[in-house]
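Let's take a walk through this one together, a piece at a time. Have a look around first, and then we'll start with a helix.

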Amino acid sequence: MELKYSDIRKQLIQKENQWTDDGTAYVTHYLQCRENGSSEYYQNEAHSYLEDLAHEPQFNYEIPFKYDVPFPPPEKPSFKFIDLFAGIGGFRIPFQELNGKCVFSSEWDKYAKKTYDANFGEVPFGDITKIDESKIPNHDILVGGFPCQPFSIAGVSKKNSLGKKHGFLDETQGTLFFDICRILKEKKPKAFLLENVKNLKSHDKGNTFKIIEQTLKKLGYIVFNKVLNAKYYVPQNRERIFIVGFSKEYFNESIVFNFPKPPESEHRIKTILQTSVHDKYTLTDKLWSYLQNYAQKHREKGNGFGFGLVDKNGISRTLSARYYKDGSEILIPQGRDKNPRRLVPEECKKLMGYPSSFKIKDIGVSDTQLYKQFGNSVAVPVVREVANAMLSFMNHGPNAKVETFPVDNIYEEVLNEQGKKVEVSS
Ligand SMILES: C[S@@+](CC[C@H](N)C(=O)[O-])C[C@H]1O[C@@H](n2cnc3c(N)ncnc32)[C@H](O)[C@@H]1O
């Protein structure tokens, strides 16, 4: 009988909570990286964890097994990437589709880790601020939608400058952007793709973005950015800034990266709506009248705030991480005699452009958590377009100094049945 990832998972979990701690992150990263030269980064910790945990002393986790998850790792990948602030893997899907191998992921939310593992067969590591950059495997591309923090990088910079002399990275210290930078500095990937809210550009009168751009340039990257709207791909107005960088070690400074042009297509939310939806998603009379009164008050004051009752032939507002609270930003009308309803998680999945095979049922994650996860995520088709543009630029870009992915595949080591490394000629 063929061994499957789900069998390994069953063997190893003693308590459900254990499946999201760092021990399991080591094990799953180790298993995923067994054949691509990155396993050495995880081997020792994975082995000691497995020895402590495995139910059966004879359990041999080194033998080949099948990934029975919706998005298994590619068999013969052609580049490596890392997935920071991974959420539920909105970046990972398109980069894996392009034959990339994810060699490291980090996400600290327990429930996002569960969704991630159910789909990719890997538990992300936790808090990135606690991870030593030298412990992250080498990679070609770094990707991450870093959280927009409620404080200004420029503000941090001012505080820093009052005291000691500092290097340019210090200007970002205390922010999660700093963690991206220290990894770029240490690992020097060929390229990166970052994503954030559109307002990042205007935050603190543009100072925050200026420091972000300058810092990335000082780290040796040629940097491009563009605000892209997901409405050309899914029926949702969602503007996000995408920042792409290419290393000067591999590319000439004169390169020009063109972001993909959006297709001229119009989307209608009715195409993603389910016909039969449980009544629990319909707003209660109390909540519906609260939302209407609240909107009325704001209208009187001349403000535009309020709920967003969608036109089924149009697109929705931006799905946010707070959607679970009252669903007010995207309400679906249900006729005169019924209060509107909120979207069900499966509809949120489609609104964010996730493939239908993306698994959210029976994985032990509540609706509330799923709303948060999709609201925090990226619109997958937008990342797919940017990733495609980046990869074809990196593979065939006329301005590249060297061929960026010169080998057919990145297999540097192959394990024999006993789990020992064997040499392979390229
Ligand atoms: C904007 S969301 C990115 C979502 C992701 N791009 C996706 O496709 O689902 C930012 C994520 O960073 C995670 N996060 C925030 N601080 C973190 C930290 N210190 N270490 C690891 N993850 C963190 C949050 O839990 C959240 O899921």
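How many of the eleven residues of α2 are buried? The answer is nine, so to speak of α2 as mostly covered is fair. A residue is called buried here if 20 or more other C-beta atoms lie within 10 Å of its own, exposed if 12 or fewer, and partly exposed in between, with C-beta atoms placed from the backbone. The buried residues of α2 are Thr 24, Ala 25, Tyr 26, Val 27, Thr 28, His 29, Tyr 30, Leu 31 and Gln 32.

A word on what you're looking at. This is a predicted model, in which local features need a pLDDT of at least 70 and side-chain atom pairs count only at pLDDT 80 or more, while totals for chains, interfaces and linings use all residues. Residues are numbered from 1 along each chain as its sequence is written. The pLDDT is the predictor's confidence in each residue, from 0 to 100. On average the protein has a pLDDT of 86, and 85% of the residues score at least 70. Over residues 411–426, though, the pLDDT is below 50, and this stretch has 22 contacts in the model beyond near neighbours in sequence. Two residues are in contact if their C-beta atoms, placed from the backbone, lie within 7 Å. Where pLDDT is low, the predicted coordinates should not be read in detail.

Now the overall picture. There are 13 helices and ten strands in the protein; both are DSSP runs numbered from the N terminus, with helices being H or I of at least four residues and strands being E of at least two. Of the 426 residues, 42% are buried. Among contacts with a separation of 6 or more, 70% are between residues 24 or more positions apart.

Back to the helices, then on to α5, which covers residues 110–120. Nine of its eleven residues are buried, so α5 is largely enclosed by the rest of the structure. Among them are Lys 113, Lys 114, Asp 117 and Phe 120. What lies over the buried residues of α5? The cover includes α2 (22–32), α4 (92–97) and α12 (367–376). Just after α5, Gly 121 takes a positive phi of about 75°.

Next up is the sheet. Six strands form an open sheet in the order β2-β1-β3-β4-β6-β5, with mixed pairing. The edge strands, each pairing on one side only, are β2 (100–105) and β5 (221–229). Neighbouring strands of this sheet are turned by 20° against each other on average, direction ignored. Two strands count as paired if DSSP finds at least two bridges between them. Strands of a sheet pair through backbone hydrogen bonds, either parallel or antiparallel.

At one edge, β1 and β2 run parallel and are joined by five bridges, and Phe 81 has Cys 102 in β2 as its bridge partner. For β2, six of its six residues are buried. At the other edge, nine bridges join β5 to β6, and these two run antiparallel. Asn 225 has Ile 243 of β6 as its bridge partner, and Tyr 221 has Ser 247 of β6. Strands β4 and β6 are antiparallel too, with seven bridges between them; here Leu 194 is the one partnered with Ile 243.

Some loop residues are worth a stop. Most residues other than glycine have a negative phi, and most peptide bonds are trans. Asn 99 has a positive phi of about 75° although it is not a glycine. You'll find Asn 99 in the loop between α4 and β2, and it counts as partly exposed because it has 16 C-beta neighbours inside 10 Å. Asp 362 has a positive phi as well, near 55°. It lies in the loop between α11 (345–351) and α12, and with 7 C-beta neighbours inside 10 Å it counts as exposed.

Finally, the ligand. Which residues come nearest to it? Of the 21 residues around the ligand, they are Phe 85, Gly 87, Gly 90, Gly 145 and Ser 377. A residue is near a molecule if its C-beta atom, placed from the backbone, lies within 6 Å of it.

How values were computed: Axes fitted to C-alpha atoms, helices over the stretch in contact; angles between N-to-C directions.
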